[in-house]
Amino acid sequence: DKAGHKHFMAKEIAEQPTVIAEAIRHYLPVGEDAVHLPGDGIDFTKIDRLTLVACGTAFYACLTAKYWFEKLARIPVEVDIASEFRYREPPIPGRTAALFVSQSGETADTLAALRYCKDKADQILSVVNVPESSIARESDLALPIHAGVEIGVASTKAFTCQLSVLLMLALKAATDRGEIGEEELQAHVSALRGLPNVMSAALEQNEAIRQASLKLSEARDVLFLGRGLMFPLALEGALKLKEISYIHAEAYASGELKHGPIALIDNNMPVVVLAPRDDLFDKSVSNMQEVMARKGKVMLVSDAEGLAEAGDEVWQAIRMPQVHDSLSPILYALPAQMLAYHTAVAKGTDVDQPRNLAKSVTVE
Ligand code: F6R
């Protein structure tokens, strides 16, 4: 049932405020100020490092989580693609927790990577949407994301729910390790509780994003740029666009621009810049100017303050509401998804069942 939407993907994009609220309620019950984990949880004072492993969109959720775990909890984090990890057979030092992220819980490479870690890591954790799945069953601790059934092949609500659960896990780690003060924790908790409303406000940009997508749908190639927490999201935005619109899209950390990809910039190259007005904003603006100086067409996704500062030379501007810095990847996932969705609809592709793709990759 598409609940009045044209595609499952549109429905799943639209229901994110509701499912995120659900995910947050499970880990931050109303009236409580600390993160609660199911079962025996995990004690992060006994862990010195984390290894995060996944495929595709779930891998980008892991890349984002690296920033959170390192910044908030000061835990060194390694992130790897499951198909690389499993055959590289990396050494797993003592006091390592291995964490696997999978919507389906059945992805063959991720499951194999988990099995490799079984008698090597101190604890096996998973972040899954299907609690009865193989990955959940074979973990010491499975953390459900509460996204509900996801039908669209391109992951949307599972991604933002994965991010929310990973952020809450990072907050738990930060608290266990005494790396975060009460005040900072409460700032995160109240920002998380307010997130569903902010997401609803972002969804109101749907029509503006649809308009912008009509222009994007004429492109042959699109570049996505982001810094810090926006870098993994740039990767996710590019993946989403190529998956369903079949437009070639690539993502780079903004600082890498002059190390190669700037050679691609001309007046046919749309460049989507994901840049909330945070500590790194000025750096992103200078990268944007480098693109515009070479006639690249910048589509800037930022908040009101950021858009004002960037000036009116940008090709297209997409306005997001203000959000706590740590939560920006969860919020900015929405315009990335809407952009891919409307571009694909404009091109007339099969949005829910893109060619050559399967929802669950149970063979390698
Ligand atoms: C992209 C997408 C895929 C999956 C990947 C992992 O939109 O959906 O990249 O994220 O195949 O799948 P799971 O999370 O089920 O392990």
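**Exercise 1. Charges**

Find how many positive and negative charges the chain of this predicted model holds, and how far apart their mean positions are.

*Solution.* Start by counting: the chain has 36 positive charges and 49 negative ones. Next, take the mean position of each set; these two points are 4 Å apart.

**Exercise 2. Overall form**

Work out how the chain compares with a globular protein of its length.

*Solution.* Begin with the secondary structure, which comes to 13 helices and 10 strands. The radius of gyration is 20 Å, and the globule rule gives 21 Å for 364 residues. These values are close, so the chain is as compact as a globular protein of that length. To picture the extent, imagine a box of roughly 55 × 45 × 45 Å along the principal axes, filled by the C-alpha atoms.

**Exercise 3. Inside and outside**

Determine what share of the residues is buried, and what share of the accessible surface belongs to carbon and sulfur atoms.

*Solution.* Of the 364 residues in the chain, 59% are buried. Now turn to the surface: the accessible area is about 14,700 Å², and carbon and sulfur atoms hold 48% of that.

**Exercise 4. One residue**

Decide whether Gln316 is buried or exposed, and list its contacts beyond its neighbours within four places in sequence.

*Solution.* First, locate Gln316: it belongs to strand E10, residues 316–320. Its relative accessible area is 11%. Buried means under 20%, so Gln316 counts as buried. Finally, leaving aside neighbours within four places in sequence, Gln316 touches Ala212, Lys215, Val298, Met299 and Leu300.

Definitions and conventions: Residues numbered from 1 in each chain as written. Predicted model: local features only at pLDDT ≥ 70, side-chain atom pairs only at ≥ 80, totals over all residues. Heavy atoms only, no water. Helix = DSSP H or I, 4+ residues; strand = E, 2+ residues; numbered from the N terminus. Buried < 20%, exposed > 50% of the residue type's maximum accessible area, 1.4 Å probe, protein only. Contact = heavy atoms within 4.5 Å. Rg over C-alpha atoms; globule rule 2.2 N^0.38 Å. Areas by Shrake-Rupley, 256 points an atom, 1.4 Å probe, with all protein chains shown as cover. Lys, Arg positive; Asp, Glu negative; His and termini not counted. Charge placed at Lys NZ, Arg CZ, Asp CG, Glu CD.
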